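Please take a moment with the sequence and the model below before reading on. The paragraphs after it go from the whole chain down to single residues.

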Amino acid sequence: MAKLVIIRGNSGSGKTTVAKALQHRLGHHVLLLSQDMVRREILRVKDGPDCLALPLMQQLLFYGYQHCAFTIVEGIFRSAWYEPFFRSAQAWFQDQIFAYYYELPFAETLRRHQTKPNRDAFGAEDMQRWWVPHDYLPNIRETIFTAQVSADQAVEQILHDLSAPSAGACCRPASP
């Protein structure tokens with residue numbers, strides 16, 4: 001059965017680093033769907049409610065569901081704006097969703113941003129404008145990664161979760 005890994009958090013959290021390392025560790029034929037790649041590079045559209053990238057991301061997600069053992073989605077994915085995307089994910093992947101959210105202080109995301117190749121593309125003012133603390137998904141339980149969790153530890157945690165005998169149990173919708 002196809003499995004979905006969701007890696008979310010504010011800008012500069014480390015999502016892309018972990019997603020790429022995870023894709024490498026899982027092997028070939030693993031779809032990595034980057035919100036920034038689709039939205040900023042392929043379509044060149046702004047984020048927000050009813051983002052024009054949403055239908056394409058849903059189609060790519062469905063492709064992953066149909067053709068890949070693992071699909072990884074990573075990005076900020078503000079919960080309110082991307083609710084239709086996550087509803088689709090639940091309909092297709094059901095209890096095979098493994099979701100992770102980076103809960104970091106703003107200062108830590110700024111520090112991490114300085115280590116990125118695109119660190120000069122935007123700065124602290126932009127990141128502050130985009131900042132949404134505690135933006136958890138309402139119907140998908142997310143494992144929280146804090147500043148103390150290294151990229152390697154995050155990858156190992158996700159791999160462990162994916163291979164656990166009760167895989168999927170960690171990501172059933174949280175109780176209201």
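What follows is a walk through this structure, beginning with the chain as a whole.

The model shown here is predicted, and its chain holds seven helices and five strands. Followed along the sequence, these elements come in the order β-α-β-α-α-β-α-β-α-α-β-α. Of the 176 residues in the chain, 45% are buried, while the accessible surface amounts to about 9300 Å², with 54% of that area belonging to carbon and sulfur atoms. Among the contacts whose partners have a separation of 6 or more, 79% join residues that stand 24 or more positions apart.

One helix can be followed in some detail. Helix H3 (54–67) is made of 14 residues and spans 20 Å between its first C-alpha and its last, which is close to the 20 Å expected at 1.5 Å a residue. Which residues of H3 are buried? They are Leu54, Met57, Gln58, Leu61 and Gly64, and because they cover an arc of only 120 degrees around the axis, they lie on the same side of H3. The general geometry of helices helps in reading such a pattern: with 3.6 residues a turn in an α-helix, residues three or four places apart point the same way. On the face of H3 turned away from this buried side, the exposed residues Gln59 and His67 are found. The cover over the buried residues of H3 includes strand S1 (3–9), strand S2 (30–34), H2, strand S3 (70–75) and helix H4 (83–93).

Just before H3 in this account of the chain comes a loop worth a look. Gly48 sits in the loop between helix H2 (35–42) and helix H3 (54–67). Is this loop residue buried or exposed? Gly48 has a relative accessible area of 5%, and since the cut-off for a buried residue is under 20%, Gly48 counts as buried. Its C-alpha atom is separated by 8.9 Å from that of Tyr82, a residue 34 positions away along the chain.

A last stop is a charged residue, Lys15, which belongs to helix H1 (residues 15–26). Lys15 is buried and yet has no salt bridge. The nearest side chain of opposite charge is that of Glu74, 5.3 Å away, whereas a salt bridge would need a side-chain nitrogen of Lys or Arg within 4 Å of a carboxyl oxygen of Asp or Glu. Leaving aside residues up to four places away in sequence, Lys15 touches Ile7, Arg8, Gly9, Asn10, Glu74, Gly75, Ile76 and Tyr102.

Key: Residues are numbered from 1 along each chain as its sequence is written. This is a predicted model: local features need pLDDT of at least 70, side-chain atom pairs count only at pLDDT 80 or more; totals for chains, interfaces and linings use all residues. Side-chain values use heavy atoms; hydrogens and water are left out. Helices (H or I, at least four residues) and strands (E, at least two) are DSSP runs, numbered from the N terminus. Buried means under 20% relative accessible area, exposed over 50%, partly exposed in between (1.4 Å probe, protein chains only). Contact means heavy atoms within 4.5 Å. Accessible areas come from the Shrake-Rupley method with a 1.4 Å probe; for residues, only the protein chains shown count as cover. Lys and Arg count as positive and Asp and Glu as negative; His and the chain ends are not counted. The expected span of a helix is 1.5 Å times one less than its number of residues. The arc is that of the directions from the helix axis to the C-beta atoms.
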